[in-house]
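Here is a short briefing on one protein chain. It moves from overall layout to sheets, cores, aromatic rings and unusual backbone angles.

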Amino acid sequence: MPHHKTALRLVAPVAVLALALTACGGGDEKADAKSPDTEKAKVFPSPEPASGGELGTGESATGKVAEDPGEVTYDVAAQKVDVGTEAEAAKAVSEPDKVKGMVLAVAHVKYTHKSGPALTEGSDVHDGTTVFADGRRGSVLIGASEDTAGCEDPYDVESWKQGESHVFCETYVIPANAKSVEVHWSEEDGEPYIWKFPNA
């Protein structure tokens, strides 16, 4: 399999902090704690969060994405994460010194078009996918998944109708000694759905 030399885009600390704050919840802190809706929520709590939460292997999340020409509802399921070697990581980047002690983690995620208009010019559903290792976000490696077996390029999908599925992959650089790898996917401004995979 050929390796492309690609630039490693490191995540800035500010971006990581913003993501951490987003993941903690949110909402309007000025909302009246004694409003009828708040009281009703205490008596009749919803059985599961409207968005986000941990999922088991094989379980899928449902979310909406603003696509062109309109909003599409998808089923999203992280299938697996392929973790490579330090040597593979060094070959995949133009500056190997920047990835010492790191490996590539390729997340395979299946997206199924459930409802909404058919797509004719690619999709943005994969934009909500990130990879974490031991609770910390990895560094995304642009263009590294193009030749990975079983992975499609979301921008090559020119026709996507309801009921059809595609597998897109995201490649991240993570510490070689990470004990677990997580795949996160979220709707815009939504809480992430999380799939955990052991890194044995």
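Two strands count as paired if DSSP finds at least two bridges between them. S4 and S8 pass that cut-off with 11 bridges, and they run antiparallel. The model is a predicted one.

**Overall layout**

- The protein has three helices and 10 strands.
- From the N terminus, the order of elements is α-α-β-β-β-α-β-β-β-β-β-β-β.
- Of the 200 residues, 38% count as buried.
- Take the contacts with a separation of 6 or more: residues 24 or more positions apart account for 74% of them.
- The exposed surface is about 11900 Å². Carbon and sulfur atoms supply 53% of that area.

**Strand S4 and its partners**

- In S4, 10 of the 14 residues are buried, so the strand is largely enclosed by the rest of the structure.
- S3 and S4 run antiparallel and are joined by 10 bridges.
- On that side, tyrosine 74 stands opposite histidine 113 of S4.
- Towards S8, methionine 102 has proline 175 as its bridge partner.
- Strands of a sheet pair through backbone hydrogen bonds, either parallel or antiparallel.

**The five-stranded sheet**

- An open sheet of five strands has the order S1-S10-S9-S5-S6, with mixed pairing.
- S1 (53-55) and S6 are the edge strands. Each has a single partner strand, so one side of each lacks a neighbour in the sheet.
- S9 and S10 pair in the antiparallel sense over six bridges.
- Within that pairing, histidine 184 has isoleucine 194 of S10 as its bridge partner.
- Threonine 130 lies in S5, which spans residues 129-133.
- Threonine 130 has a relative accessible area of 14%, so it is buried.
- Leaving out residues up to four places away in sequence, threonine 130 touches Arg137, Tyr172, Glu182, Val183 and His184.

**Nonpolar cores**

- The largest nonpolar core has 30 residues. Which of them touch the most other members? They are Tyr74, Tyr111 and Trp195.
- Seven strands each supply at least two residues of this core: S2 (61-66), S3 (71-83), S4 (102-115), S5, S8 (165-175), S9 (180-185) and S10 (193-198).
- Apart from this core lies another, of seven residues. Among its members are Ala92, Val99, Leu141 and Val173.
- Tyrosine 111 has contacts beyond four places in sequence with residues including Tyr74, Val76, Val125, Trp160, Phe168 and Trp185. Polar and charged names also appear among its contacts, including Asp75, Thr129, Glu164 and Ser165.

**Aromatic pairs**

- A pair of aromatic rings is described by the distance of the centres and the angle of the planes.
- A search of the whole structure finds four aromatic pairs.
- In one of them, the ring centres of tryptophan 160 and phenylalanine 168 are 5.8 Å apart. Their planes stand at 90 degrees, so this pair is edge-to-face.
- Both of these residues are buried: tryptophan 160 has 0% relative accessibility, and phenylalanine 168 has 2%.
- The rings of tryptophan 185 and tyrosine 193 have centres 6.4 Å apart. Why does this pair count as stacked? The planes are at 20 degrees, and the cut-off for stacking is under 30 degrees.
- Tryptophan 185 is buried at 1% relative accessibility, and tyrosine 193 is buried at 9%.
- Ring pairs also link Tyr74, Tyr111, Trp160 and Phe168 into a cluster.

**Positive phi angles**

- Most residues other than glycine have a negative phi.
- Aspartate 134 has a positive phi, near 50 degrees. Its place is in the loop between S5 and S6 (136-137).
- Is aspartate 134 buried, exposed or partly exposed? Its relative accessibility is 42%, so it counts as partly exposed.
- Aspartate 189 is not a glycine either, and its phi is positive at about 65 degrees.
- Aspartate 189 is found in the loop between S9 and S10. Its relative accessible area is 76%, so it is exposed.

Methods:
Residues numbered from 1 in each chain as written. Predicted model: local features only at pLDDT ≥ 70, side-chain atom pairs only at ≥ 80, totals over all residues. Heavy atoms only, no water. Helix = DSSP H or I, 4+ residues; strand = E, 2+ residues; numbered from the N terminus. Buried < 20%, exposed > 50% of the residue type's maximum accessible area, 1.4 Å probe, protein only. Contact = heavy atoms within 4.5 Å. Core = buried A, V, L, I, M, F, W, Y, C linked by side-chain atoms within 4.5 Å. Areas by Shrake-Rupley, 256 points an atom, 1.4 Å probe, with all protein chains shown as cover. Phe/Tyr/Trp six-rings, centres within 6.5 Å; stacked < 30°, edge-to-face > 60°.
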